[in-house]
Amino acid sequence: MNRALDNAPATAVKPIISIREVSKRWGSTVAVDNVSLDIEPGEFFALLGPSGCGKTTLLRMLAGLEVPSQGEILIDGQDMSDIPPNKRAVNMLFQSYAVFPHMTVADNVAYGLKIDRVPRPERDSRVQDALDLVQLGHLGARMPDQLSGGQRQRVALARALVKKPKVLLLDEPLSALDAKLREAMRFELSQLHQKVGITFIMVTHDQDEALAIASRIAVMNKGSIAQLGTPSDLYEFPSSRFVADFIGSVNMFEGKLVSDKPDKAVVGCPELEPYPVFIPHAVAGREGSTVWVAIRPEKMTLHKDAAASPAVPQCPAAHNVARGEIKEISYLGDISIYHVQLAGGRLLRVSRPNRSRWDQDNFDWGEKVWVSWDGSSPVVLQS
């Protein structure tokens, strides 16, 4: 069943960040369009979306590197309108890390404290604590060119954290790393967030990255927030075709809402004819209206023989099935992806876990198969 998602945290905790009707324009170009958002203390929050959606511009306005065209930004209750970047209780980790190549690791981390004229004994102590936090306490004397990419990123993290900001802003923090290191650093970022307990706000276009480590995500599109929620809410209950398509893989079918009753709904989709899509609950739509049915690939099942219809007395006809031919198989180790072509030419994407070494041999290219799904799997979207 679709659920309405709250646009604010459920608790009454005072937000550390309040963004109120903020827009940013450059001439006729609208980068951020009337965004309002509250972020709680201690959250790991992600701004997720495609290139040009406004997420980085919004982050830069939080940092004070851009000025809103309208609206206000409050950090810990204080209006940031006249507060310069260096006076804000935030620090920013840039995509490029910006580690000074001519300074040692320890001097890189100490740089901000030195500018702030923090006494040497306190500075040295805080630098060592920050390096220990990112597991580089033994490498303070090294130069950046003696470090790996992941280690240089940790230096940049330590430099951002050493000033004890209330909010850490991360601009595409893992995009410069290779795939294996990026996956490892997701875990390390999550662990670091738990250790320091401050608010992290991350900008990313990588849906897997956001789903893996953020506690809440704002999906942005064309300068606005398309949907706000937890990773599981966004994946399981997308509110629009854009969100369903952007978060993970999805099979999307256009159709007509044939029936919408309190205990069932039926959607007729031309690409799935003659079999309707049956959902065992209401979808709050207008009968006869155009809707879209979204089904995740892992919620579909392959069958060699005709798939038996689910035992639903209200809908005795065959439903939630499709007949097709396997056109492509992608073996990815833990899973295999099957592209099944329907009679009309449409390709379905079906994923299956490879639970044994021989699972991938169960189905073959060119094989005629049935695809089925449970009635709880589809999400019916109105837009």
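# A guided tour of the sheets and helices

Begin with the five-stranded sheet of this predicted model, an open sheet whose strands follow the order β13-β12-β11-β14-β20 with antiparallel pairing. Select its two edges, β13 (277-279) and β20, and note that each has a single partner strand, so that one side of each is left without a neighbour in the sheet. Looking over the sheet, you will find neighbouring strands turned by 40 degrees against each other on average, with direction ignored.

**Strand β14**

Now select strand β14, residues 290-295, which is mostly covered, five of its six residues being buried. On one side, show strand β11 (residues 251-261), which runs antiparallel to β14 and is joined to it by six bridges; along this pairing, F253 stands opposite V293 of β14. Then add strand β20 (residues 379-381), which also runs antiparallel to β14 and is joined to it by three bridges, and pick out W292, which stands opposite L381 in β20. While the side chains are displayed, bear in mind that in a regular strand they alternate between the two faces of the sheet.

**V277 at the sheet edge**

Move next to V277, a residue of strand β13. Is V277 buried or exposed? Its relative accessibility is 1%, and V277 therefore counts as buried, the cut-off for buried being under 20%. To see what surrounds V277, select its contacts, leaving aside residues up to four places away in sequence: these are A265, V266, V267, C269, L272, V293, N320, W373 and P378. V293 in that list is the residue of β14 that stands opposite F253. For a sense of distance across the model, draw a line from the C-alpha atom of V277 to that of E21, which is 256 residues away along the chain, and read a separation of 40 Å.

**The four-stranded sheet and helix α1**

Turn then to a second open sheet, this one of four strands in the order β2-β1-β4-β5, again with antiparallel pairing. Its edge strands are β2 (29-39) and β5 (78-79), each of which pairs on one side only. Select strand β1 (residues 17-26) together with β2, and follow the seven bridges that join these antiparallel strands; one place to stop is K24, whose bridge partner in β2 is V32.

Across β1, β2 and β4 (70-75) lies helix α1, which runs at about 115 degrees to β1. Why is α1 (residues 55-63) described as largely enclosed by the rest of the structure? Seven of its nine residues are buried, and the description follows from that count; colour K55, T57, L58, L59, M61, L62 and A63 to display them. Just beyond, α1 is followed by G64, which has a positive phi, near 90 degrees.

**Helices α2 and α3**

The next selection is a pair of helices, and two packed helices are described by the angle between their axes and the distance between the axes. Helix α2 (residues 105-115) packs with helix α3 (residues 120-133) at an angle of about 125 degrees, the axes being 9 Å apart, and the two helices are therefore oblique to each other. Their crossing is right-handed. To display the contact, show V105, A106, V109, A110, L113 and K114 from α2 with R123, R126, V127, A130 and L131 from α3; by class, this contact holds eight nonpolar, no polar and three charged residues.

Keep α2 selected and highlight its buried residues V105, N108, V109, A110, G112 and L113, then bring in α4 (149-161), since the buried residues of α2 pack against both α3 and α4. After α2 comes R117, whose phi is positive, near 60 degrees.

**Helices α4 and α5**

Finish by selecting α4 with helix α5 (residues 179-196), which pack at an angle of about 20 degrees with their axes 11 Å apart. That angle makes α4 roughly parallel to α5, and α4 passes α5 in a right-handed crossing. From α4, show G149, G150, Q153, R154, L157 and L161, and from α5, show L181, M185, E188, L189, L192 and V196, the residues that make the contact. These divide into seven nonpolar, three polar and two charged residues.

Notes: Residues are numbered from 1 along each chain as its sequence is written. This is a predicted model: local features need pLDDT of at least 70, side-chain atom pairs count only at pLDDT 80 or more; totals for chains, interfaces and linings use all residues. Side-chain values use heavy atoms; hydrogens and water are left out. Buried means under 20% relative accessible area, exposed over 50%, partly exposed in between (1.4 Å probe, protein chains only). Two strands pair if DSSP finds at least two bridges between them. Axes are lines fitted to C-alpha atoms, for helices over the stretch in contact, and angles run from 0 to 180 degrees between N-to-C directions. Angles under 35 degrees count as roughly parallel, over 145 as roughly antiparallel, 65 to 115 as roughly perpendicular and the rest as oblique. A crossing is left-handed if the near helix is turned anticlockwise from the far one by less than a right angle, and right-handed if clockwise. Contact means heavy atoms within 4.5 Å. Ala, Val, Leu, Ile, Met, Phe, Trp, Tyr, Cys and Pro count as nonpolar, Asp, Glu, Lys and Arg as charged, and the others, Gly among them, as polar.
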